[in-house]
Amino acid sequence: MDEQRVRGTGRFRRGPAWWRHGPPWASRWDDDGDRGGAPWPWRSTVLLTGFVLVGSTFAAHGQEGERAALDPFARVLLVVAAGLLLWRKRYPVAVLFGTAAAAATYLGAGYPYGPVFLAVAVACFSAVVAGHRRAAWTAVGMLWAAHVLVAHWLYRWLPPTGDSGIPWGQELVVAAWVAAIMAVSELARARREQWARDRAERAQAARRRADAERLRIARELHDVLAHSISVINVQAGVGLALLDSDPEQARTALTTIKAASKEALGEVRQVLDNLRTPGEAPRAPAPGLDRLPELVTQAAGAGLTVEVTGEAPRLPPGAGLAAFRIVQEALTNVVRHSGSRHARVRLDPVGGPAGGALRLCVDDDGPATGAEAGGSGNGLAGMRERAAALGGTIEAGPRPDGGFRVLAVLPLTGTAAEEEDR
């Protein structure tokens, strides 16, 4: 589409101008040089053949008595020189040399100068644009050499009878025309290569955006579901173990399962709503550290005591969401992979208000149970991606005195302005 809706607004903006990235027909030529499926240029070939025939007829009248008259053989050469252009997109080198050979034969036979050389120019242009520069220079050089031989030496033995050589100064005019044709061809080739690079860069950028969006969706779904499902799994085990001996405690576990599943469904629904309406603002605000008490409550329902120290500064939505998900994933890993039932979350704002950062630390005393204490590779990778997206860092690993630590530093400089621009 030439017009694209600007995300988050009702305005429209124009797409990139075609002259920046090439006209639509430029994409018909494959970048790998395969032109087996190139279209047949019927219309241009027919028009050019007609122009060559008519133009040569008028040129013959103007050069009557100086050059040989057009006969059937001359017209066959004209038709061959122009008709070969029908294959110029599929076989540019063969067409170029065939057209040049027909023009050289026409010239050697003493027929009138005329638009037959236009067919050679078109064939040369197609060959250069297709990337066959050496072949184009060779064919044009050979045709020019043939013209020099005929005009300054072989004219004594070739028709028409009584012909005389042309001045050497006229060769400068011919050389100028040859140089102009090659210059235009080279310019078109360079422009086409630029169009191809632009298309490749746009395609690569589109693939990068798609990959980044896919990773973002995967990370968000993982963070949304992992914590709630871990709580559900723990409470389901508690409920099954106490169903007969302590029905009241089993009822509490089922209540926790219901609340956790409801929250997970709500967050998944919010993610899916954002996917369905990418240009609209989210219906619900993104979670931030203001919801940290909810995580503490959910962790308590899974049998984990969480101690929170420090107070988070005012965070923009992006940084707040990253901090919330990092704490959520860290507590989920403690529930799933640590033998400790106690975790500590410490929030330390560092730096001044103009260039501050949030130092976020989640500790547990271990030991690890079963799998690695750090949890799945996806969870840790997701935490690192969230921190890196904000220009921050994250460290996760065993502590020297036992247990496991997740330490994240999230810079806050410029994030508020970026969020407002969104």
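**View 1. Leu304 and its contacts in the predicted model.** Leu304 touches Ala299, a residue earlier in the chain, and also Leu331, Val334 and Val335. Its other contacts are Ser340, Arg341, His342 and Ala343. Residues up to four places away in sequence are left out of this list.

**View 2. The largest nonpolar core.** This core holds 34 residues. Leu304, Ile326, Leu331, Val345, Leu360 and Val406 have the most contacts inside it. Helices 9 (292–301), 10 (317–337) and 11 (377–389) each give two or more residues to the core. So do strand 4 (342–350), strand 5 (357–364) and strand 7 (404–411). Helix 10 supplies the largest share, 9 residues.

**View 3. A second, separate core.** This one has 31 residues. Among them are Ala103, Val116, Ala127 and Val128. In soluble globular proteins, nonpolar side chains tend to be buried together.

**View 4. Trp40 and Trp87, an edge-to-face pair.** The count of aromatic pairs comes to 2. In the pair of Trp40 and Trp87, the ring centres lie 6.1 Å apart, with 85° between the planes. The pair links distant parts of the chain, 47 residues apart. Trp40 sits in the loop between helix 1 (18–21) and helix 2 (42–62). Trp87 sits in the loop between helix 3 (72–83) and helix 4 (92–108). Are these residues buried or partly exposed? Trp40 has 37% relative accessibility, so it counts as partly exposed. Trp87, at 34%, also counts as partly exposed.

**View 5. Tyr106 and Tyr111, a tilted pair.** Their ring centres are 5.3 Å apart. Their planes meet at 40°, so the pair is tilted. Tyr106 counts as buried because its relative accessibility is 2%. Tyr111 is buried too, at 5%.

Conventions
Residues are numbered from 1 along each chain as its sequence is written. This is a predicted model: local features need pLDDT of at least 70, side-chain atom pairs count only at pLDDT 80 or more; totals for chains, interfaces and linings use all residues. Side-chain values use heavy atoms; hydrogens and water are left out. A nonpolar core is a set of buried Ala, Val, Leu, Ile, Met, Phe, Trp, Tyr and Cys residues joined through side-chain atoms within 4.5 Å. Buried means under 20% relative accessible area, exposed over 50%, partly exposed in between (1.4 Å probe, protein chains only). Helices (H or I, at least four residues) and strands (E, at least two) are DSSP runs, numbered from the N terminus. Contact means heavy atoms within 4.5 Å. Rings of Phe, Tyr and Trp (its six-membered ring) pair if their centres lie within 6.5 Å; planes under 30 degrees apart count as stacked, over 60 as edge-to-face and the rest as tilted.
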